[in-house]
Amino acid sequence: MDTTRLQNHFSFGENWQSFVEEVEEKHIQQAVKSLSKLFPNDDLRGKTFLDIGCGSGMSMLAAVILGASEVNGFDIDPNSVKATQTLFEKYAPEGTIWTVREISVLDKESLPSEKYDVVHSWGVLHHTGDMWRAITNASTLVKEEGLFLVALYRKTPLCSLWKIEKAIYAHSPGFVQKLISLPYVCLYYLRILIGGQRPKDFIETYNNVRGMDFHHDIHDWLGGFPYQSVEPSEVVKNIEKLGFQSKYVYDNCKGTKGFFGTGCDEYLFVRDAKINVAK
Ligand SMILES: C[S@@+](CC[C@H](N)C(=O)[O-])C[C@H]1O[C@@H](n2cnc3c(N)ncnc32)[C@H](O)[C@@H]1O
């Protein structure tokens, strides 16, 4: 088990547990909408789905709603595993086939022995401390002609500063985290006001791609350590080398300078049956 990494990493799972307690139908609907944007042709129906770094379990639940025959997830953080269990016990339709386990994607020995029609890992592999090894390990879990979806932070000019901020935030007590988040949130509100919206309205209608609410999302961004970011061309080149063909890249970060952080680009690959994949 990759315990050194767990000691170093931000407590994502605590944030997920707190979020899951507040989940409402609108968050689930948002997650379903986002997942169906990524798999628009009913691609999940009847398919086995693996979510690596499942967090709250929201994408797994959305996959069930979109017709996946079986959903499985794993996460390095035991509190994320608990959050997913809580979400599924509360919201999964009866008869859903699902599992969730505590595994690190970097720990090759512990990875599931089976392969999946769809492997999904949204906003995770850049938080492992070894993104390329994590991508390689994740790719081995995709069946021949299966789909591989990853979302990864885009590199910006300010990424090295964010890395320092996250290292400090993730290892600080709650009151220091509040001191760091206060100026960030104030600047964010200012940006909303300049854009002509009232912050209260913005927050009430805030629904990020994963269905997460504003405050949990800010905590997740400020604390998300370890942190890496990458250019889309590098992702496509390196994943194609692992025996995949690129189906699309959703460029979600056009013009991002990194002042308020960065965003995740979304990439879909299909495993090419003709090419040998990484073992
Ligand atoms: C930003 S959250 C994203 C969660 C979820 N995929 C989503 O879209 O909401 C990152 C998740 O990756 C998990 N994670 C980080 N390193 C990991 C690793 N080595 N193996 C598996 N999960 C990991 C964290 O515990 C956390 O739950």
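Start with the cartoon view of the whole chain: this predicted model has 11 helices and seven strands. The fold is as compact as a globular protein of that length, because its radius of gyration is 18 Å, close to the 19 Å that the globule rule gives for 279 residues. Turn the model along its principal axes and the C-alpha atoms fill a box of roughly 50 × 40 × 40 Å.

Now switch on the surface. About 12,900 Å² is exposed, and carbon and sulfur atoms supply 54% of that area. If you colour by burial instead, buried residues make up 56% of the 279 residues. Contacts are worth a look too: among those between residues at least 6 apart in sequence, 76% join residues at least 24 apart.

Next, select the charged side chains. You should get 30 positive and 35 negative ones, and the centres of the two sets lie 5 Å apart. Side chains of opposite charge can pair when their charged atoms come close. How many salt bridges turn up in a search of the whole structure? The search finds seven, and the next stops take in some of them.

Pick Asp-130 and Arg-133. Their side chains form a salt bridge, with the closest N and O atoms 2.9 Å apart. Asp-130 is partly exposed at 27% relative accessible area, and Arg-133 also counts as partly exposed, at 40%.

Then jump to Arg-154 and show sticks around it. Which residues are linked with Arg-154 in a network of salt bridges? They are Asp-251 and Asp-265, so take the two pairs one by one.

First, zoom in on Arg-154 and Asp-251, where the N to O distance is 2.9 Å. Arg-154 sits in the loop between strand E5 (142-153) and helix H7 (159-170), while Asp-251 is in the loop between strand E6 (244-250) and strand E7 (264-271), so this pair ties together parts that are 97 residues apart in sequence. Is each partner buried or exposed, or in between? Arg-154 is buried, with a relative accessible area of 12%, whereas Asp-251 counts as partly exposed at 35%.

Second, swing over to Asp-265, which meets Arg-154 in a salt bridge of 2.6 Å, N to O. This pair also links distant parts of the chain: Arg-154 is in the loop between E5 and H7, Asp-265 is in strand E7, and the two are 111 residues apart. Both Arg-154 and Asp-265 are buried.

To finish, keep Arg-154, Asp-251 and Asp-265 on screen together to see the salt-bridge network whole.

Notes
Residues numbered from 1 in each chain as written. Predicted model: local features only at pLDDT ≥ 70, side-chain atom pairs only at ≥ 80, totals over all residues. Heavy atoms only, no water. Helix = DSSP H or I, 4+ residues; strand = E, 2+ residues; numbered from the N terminus. Rg over C-alpha atoms; globule rule 2.2 N^0.38 Å. Buried < 20%, exposed > 50% of the residue type's maximum accessible area, 1.4 Å probe, protein only. Contact = heavy atoms within 4.5 Å. Areas by Shrake-Rupley, 256 points an atom, 1.4 Å probe, with all protein chains shown as cover. Lys, Arg positive; Asp, Glu negative; His and termini not counted. Charge placed at Lys NZ, Arg CZ, Asp CG, Glu CD. Salt bridge = Lys/Arg side-chain N within 4 Å of Asp/Glu carboxyl O.
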